[in-house]
Structures are given as C-alpha cells and as structure tokens.
Amino acid sequence: MDVNQVIYTIAKKVDLYQFSLDHSDRSAHTIAPLFQKEFGNNYRLLKEAIIKIEKNDLIPGLIFTDYPGSSTIVGLDVTNAVMSEYATRLANTHPLKIKLKSFIGKLENARDEHKAKVNSRVQHYDKYSNEQLLAIVQRGQFHSVQDRIALVSILKRRGIKIEQ
C-alpha cells in the first residue's frame, strides 16, 4: 500500500458520505470511519496522506478526528468538507486502476534503486585497471548482481571483450 492508495480511500469515503448526507435529512452520521486495514495499519503512511491532502487542498474542510466509541478507528468529519475537482475524479476512479498505478510506481522505484546501486558500483570499480577487473570476472568474485553488471558495463565501455 502506498500514500496514493490511502488518499484514494479517503477521497472515496468522503465522497460516499457526502452523497449520503446530500440525500438524507442531514441527521445521518457526518463522521466517516477510516479503519486501520484501509491504510495498512501504517500511521506514518496515513500521516503522509493527511499532509498531502491538506497541503494540496484536495478536500478542504475535511477534519481528521477520533471516531466515536473507538480508539483505533480514525474519523473523517465530512460536515464541511468540499471535494476538489481532482479529489472527485479520484473518488470515481476504479480501484484496480489505483492499484495498478501503485504497482507500476513500486516497479519504477525498484528500477531506480537498482540503477542507483549499479551506478554506485560502476564508480567504485572504475578506479580499477583492466587487468584487475578481468581477474575479478574470471574468478567470479561478484558480491552482488549490481557488481556483475557494473564490471561488464565498464569492460564493455573500455572495449574489452569477456571470454565466456
């Protein structure tokens, strides 16, 4: 679960509760429950989502509070909440699309992290002579996949072919 999924969950819940308020006698509950499982029981993630919602004015007037009768459920007081255009579009987005975006984001983060590790290892091994690099490759003394990739890319860049 990531922060965008939590923001989606909050926007969806506010939208549903506002709809029920608009179509009722206004005596309905104005505090929507946000259960722990809806934010992965991760309060740091919830805090990050709240900060983004408030900073970007996604749902002005939304108040995060305690849910009546519970110490574990977060309350969303929707009494004066106004959904921004973006929050409304987000609330009407299919949940699978949100999950897919989250999954793609995680893949991109993993790729970027891998690239950073490889670049770090390239910088480390770039100081070595060709003979030292070839000796490491021939002995197969790689500490990680990133080492292997770094060594091969350095040798390739230097025009040295590796015999298999």
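User: Quick one before we start: what counts as a salt bridge here?
Analyst: A side-chain nitrogen of Lys or Arg within 4 Å of a carboxyl oxygen of Asp or Glu. Keep in mind that this is a predicted model.

User: Fine. How many salt bridges does the structure hold?
Analyst: Eight. One of them joins the side chains of Lys-13 and Glu-38, at 3.0 Å from N to O.

User: Where do Lys-13 and Glu-38 sit in the chain?
Analyst: In distant parts of it, 25 residues apart. Lys-13 belongs to helix H1 (residues 3-22), while Glu-38 is in the loop between strand S1 (31-34) and helix H2 (43-55).

User: And are Lys-13 and Glu-38 buried or exposed?
Analyst: Buried, both Lys-13 and Glu-38.

User: OK, on to Asp-126. Which residue does Asp-126 meet at 2.5 Å?
Analyst: Arg-157, in a salt bridge with the closest N and O atoms that far apart. Asp-126 is in the loop between H4 and helix H5 (130-139) and Arg-157 is in helix H6 (residues 145-157), so the bridge ties together parts 31 residues apart in sequence.

User: What about Arg-158 and Asp-126?
Analyst: Those two form a salt bridge as well, with 3.3 Å between the closest N and O atoms. It's another link between distant parts of the chain: Arg-158 is in the segment after H6, 32 residues from Asp-126. Through shared partners, Asp-126, Arg-157 and Arg-158 end up in one network.

User: Why does Asp-126 count as partly exposed?
Analyst: Because its relative accessibility is 33%, and the partly exposed class runs between 20% and 50%. Arg-158 is partly exposed too, at 29%.

User: Switching to the strands. What does S3 pair with?
Analyst: S1, for one: S1 and S3 pair in the antiparallel sense over four bridges. Strand S2 (residues 63-66) also pairs with S3, again antiparallel and over four bridges.

User: Which residues stand opposite each other?
Analyst: Ala-32 is opposite Leu-76 in S3, and Ile-63 has Asp-77 of S3 as its bridge partner.

User: Are the faces of S3 covered or open?
Analyst: Covered, on both sides of strand S3 (residues 74-77). Val-74 and Leu-76 are buried on one side, and Gly-75 and Asp-77 are buried on the other. That fits the usual picture, where side chains in a regular strand alternate between the two faces of the sheet.

User: Last thing: which residues form the nonpolar patch on the surface?
Analyst: Leu-100, Phe-103, Ile-104 and Leu-107, with about 390 Å² of accessible area together. To find Leu-100, look in helix H4 (residues 95-125).

Definitions and conventions:
Residues are numbered from 1 along each chain as its sequence is written. This is a predicted model: local features need pLDDT of at least 70, side-chain atom pairs count only at pLDDT 80 or more; totals for chains, interfaces and linings use all residues. Side-chain values use heavy atoms; hydrogens and water are left out. Patches are made of residues with over 30% relative accessible area and no salt bridge: like charges are joined within 9 Å, nonpolar side chains (Val, Leu, Ile, Met, Phe, Trp, Tyr) within 5 Å. Accessible areas come from the Shrake-Rupley method with a 1.4 Å probe; for residues, only the protein chains shown count as cover. Helices (H or I, at least four residues) and strands (E, at least two) are DSSP runs, numbered from the N terminus. Buried means under 20% relative accessible area, exposed over 50%, partly exposed in between (1.4 Å probe, protein chains only). Two strands pair if DSSP finds at least two bridges between them.
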